[in-house]
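Me: Please take a close look at empty space in this structure. Start with whatever is closed off, then work outward to the parts around it. Keep it brisk.

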Amino acid sequence: MQETTILWADDEIDLLKPHVLFLSEKGYKITTVTNGRDAVEAFKNNYFDLIFLDENMPGLTGLETLSEIKSINNDVPIVLITKSEEEYLMEDAIGSKIDDYLIKPVNPKQILLTIKKLTENKRLVTEKTTMAYQQDFRTLGMTLNDKLSYQEWVDVYKKLIYWELELEQLEDEGMHEILTLQKAEANVQFSKFIEKNYTDWIKNPDAGPITSSQLFKKKVFPKLDGKGPVFFILIDNLRYDQFKIINPLISEYFRLEDEDTYYSILPTATQYARNSIFSGLMPLDMEKRFPSMWQNDEDEGGKNLYEEQFLGDQIKRILRKDIKFSYHKILNIDEGRSLNESVNNLMNNELNVVVYNFVDMLSHARTDMQMIRELASDDAAYRSLTLSWFEHSPLFDLIKYLSQKQVRLVLTTDHGTICVKNPSKIIGDRNTNTNLRYKQGKNLNFNARDVFHVKNPHDIMLPKLHVSSSFVFAKSDSYFVYPNNYNHFVNFYNETFQHGGISLEEMIIPVIAYGPK
């Protein structure tokens with residue numbers, strides 16, 4: 001391994017010779033200077049992995065030296081060492097983007113720890129993270145063979161996402177591959193679990209997890225307590241891992257009060273899951289209660305045109321009273337900015353609902369556009385693109401503005417997506433719907449191993465298009481392809497993000513409550 005080089009500037013460097021000797025014996029190459037000007041010259045002419053600067057030097061002070069060095073190369077870590085414990089000095093150092101701050105007298109082991117933290121951090125973190133995942137890998141593997149409850153499956157999924165985000169920071173392809181295989185195995189077992197239990201949950205809602213139709217009743221309405229407006233923000237298609245990477249940004253402005261999950265109903269598709277959220281009803285009941293509004297798969301026109309009406313009906317039905325609420329669906333940046341300009345008009349409402357469609361559009365654009373495919377080539381890149389969008393979005397501007405008011409936020413989504421990799425042949429008539437992760441129709445012919453087949457849609461509270469219609473839901477990372485033009489469709493859709501079927505990513509959904517700081 002290449003020798004670590006350190007520049008140490010201190011006007012009393014002779015008194016620090018024992019420290020320099022100690023570090024030299026540990027294998028570090030130390031260059032010493034006695035003033036800031038010599039430190040800048042040394043830095044211009046040599047490469048250093050780390051710099052120690054005494055704050056109180058003749059000529060250039062430590063902070064002035066720091067500024068000049070940063071203007072040459074901003075990437076080298078710098079540690080300020082000073083006798084002063086004055087708060088203003090610490091604040092100046094932090095404001096100057098110092099990497100660490102030590103108070104004299106310093107001992108050699110303290111210096112060594114700082115060096116390791118700043119120059120070997122990546123290696124040490126990699127080793128520790130890899131070892132910790134290897135230990136957890138066996139435990140997770142054994143857990144997947146247990147008879148898990150719906151809450152235990154949530155815990156498994158959160159653990160997998162935790163490791164996915166941790167290992168993402170490391171340059172260890174082997175660990176990534178192992179986790180990918182373990183996640184795939186988890187989805188196989190989860191699909192079997194859903195196939196076995198889903199119908200019972202729908203028939204006995206109190207015996208299962210919170211699902212789409214119960215979301216407002218269980219997670220939103222209890223917050224309408226007259227203590228200020230509640231903003232319900234639904235980002236279409238937002239997976240739990242995507243929530244985890246935008247949460248630190250939100251948490252700078254709001255206090256996280258409750259990080260929870262719920263299960264999306266099947267199909268995990270917008271027209272079913274999101275309509276169910278806003279109506280508080282399962283699709284079969286929606287069809288009966290709103291025959292002119294409910295749209296089936298083969299009906300013409302938009303499938304989510306009446307969410308505001310559904311919500312108004314649910315409020316009256318569940319709360320048994322009228323409340324002031326607003327509903328806004330944001331489809332582009334101009335609509336987002338327009339909402340932000342008028343947000344003050346919403347502060348007298350008890351409930352304000354905002355639906356953002358960007359992440360859904362991103363997943364569809366990734367399927368249709370080669371450039372987006374390259375930008376979001378895998379789950380990690382997809383998360384990164386989501387974070388970049390959110391950071392510069394009118395939605396984040398809205399959240400920052402709301403943080404100055406006494407409001408509470410509930411952030412959620414209607415379903416997630418999964419990167420599909422396993423084409424599964426299916427045959428249906430020309431009226432069969434086009435979704436790649438679920439099909440409903442008559443006389444469907446499919447590979448039974450890849451699907452959850454519901455012969456009678458009414459068993460899971462879904463409408464029937466015809467007397468003999470049934471539903472099939474793709475399990476794990478499968479997607480449906482017709483035999484004709486098979487290779488063309490596989491080349492087009494393989495490794496795209498889809499939804500509508502059964503997977504941890506699509507069904508286990510974040511629902512997060514934030515309060516004012």
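Reply: A cavity here is a set of grid points where a 1.4 Å probe fits but cannot get out. Its volume is the space filled by probe spheres set on those points. Everything below refers to a predicted model.

With that in place, take the closed spaces. A search of the whole structure turns up two cavities of 30 Å³ or more. The largest has a volume of about 40 Å³. Its lining consists of Glu298, Asp429, Asn431, Thr432, Gln440, Gly441, Lys442, Leu465 and His466. Sorted by class, that is five polar, three charged and one nonpolar residue.

The second largest cavity comes to about 30 Å³. Lys219, Lys223, Asp258, Val410, Val511, Ile512 and Ala513 line the second largest cavity. Strand S19, residues 508-516, supplies three of them, the largest share. The class split is four nonpolar, three charged and no polar residues.

Now the open space. A pocket, unlike a cavity, is an open set of points. The largest pocket holds about 860 Å³ of space. Its lining counts 31 residues. Thr180, Lys183, Ala184, Asp379 and Lys421 lie nearest the centre of the pocket. Four elements give two or more residues each: helix H7 (150-168), helix H8 (173-203), helix H17 (379-391) and strand S11 (418-419). H8 gives the most, with 11 residues. The pocket lining has 16 charged, eight polar and seven nonpolar residues.

Next, the backbone around the largest cavity. Gln440 and Gly441 are among its lining residues, and strand S13 covers 438-441. The loop between S13 and strand S14 (445-446) holds asparagine 443. Asparagine 443 has a positive phi of about 55°, although it is not a glycine.

S14 leads on to a sheet. Three strands make an open sheet in the order S14-S12-S17, with mixed pairing. S14 and strand S17 (478-481) are the edge strands, each pairing on one side only. Strand S12, residues 422-427, runs parallel to S17 and is joined to it by four bridges. One register point: asparagine 422 has serine 478 in S17 as its bridge partner. Helix H19 (residues 486-493) packs on this sheet and touches S12 and S17. The direction of H19 makes about 145° with that of S17.

Another open sheet has five strands in the order S2-S1-S3-S4-S5, and its pairing is parallel. Here the edges are strand S2 (29-33) and strand S5 (100-103), each pairing on one side only. The twist averages 20° from one strand to the next. Strand S1 (residues 5-9) and strand S3 (residues 50-54) run parallel, joined by four bridges. Alanine 9 stands opposite leucine 53 in S3. Helix H2 (residues 36-45) packs on the sheet, in contact with S1, S2 and S3. The direction of H2 makes about 160° with that of S1.

S1 and S3 also share a side-chain link. A pair of aromatic rings is described by the distance of the centres and the angle of the planes. The count comes to 34 aromatic pairs, using a cut-off of 6.5 Å between ring centres. One of them joins tryptophan 8 and phenylalanine 52. Their ring centres are 5.1 Å apart and their planes stand at 45°, so the pair is tilted. The tilted label goes to planes that are neither under 30 degrees apart nor over 60. Tryptophan 8 sits in S1 and phenylalanine 52 in S3, so the pair ties together parts 44 residues apart in sequence.

Last, two backbone details to check in the viewer. Just past S5, a cis peptide bond joins lysine 104 and proline 105, with omega about 0°. Proline 105 has its place in the loop between S5 and helix H5 (108-119). Another cis peptide bond joins leucine 266 and proline 267, with omega about -5°. Proline 267 lies in the loop between strand S7 (254-263) and helix H11 (270-279).

Notes: Residues are numbered from 1 along each chain as its sequence is written. This is a predicted model: local features need pLDDT of at least 70, side-chain atom pairs count only at pLDDT 80 or more; totals for chains, interfaces and linings use all residues. Side-chain values use heavy atoms; hydrogens and water are left out. On a 1 Å grid over the protein atoms alone, a cavity is a set of points where a 1.4 Å probe fits but cannot get out, and a pocket is an open set with protein on both sides within 12 Å along at least five of seven lines; lining residues have an atom within 4 Å of a point. Ala, Val, Leu, Ile, Met, Phe, Trp, Tyr, Cys and Pro count as nonpolar, Asp, Glu, Lys and Arg as charged, and the others, Gly among them, as polar. Two strands pair if DSSP finds at least two bridges between them. Axes are lines fitted to C-alpha atoms, for helices over the stretch in contact, and angles run from 0 to 180 degrees between N-to-C directions. Contact means heavy atoms within 4.5 Å. Rings of Phe, Tyr and Trp (its six-membered ring) pair if their centres lie within 6.5 Å; planes under 30 degrees apart count as stacked, over 60 as edge-to-face and the rest as tilted.
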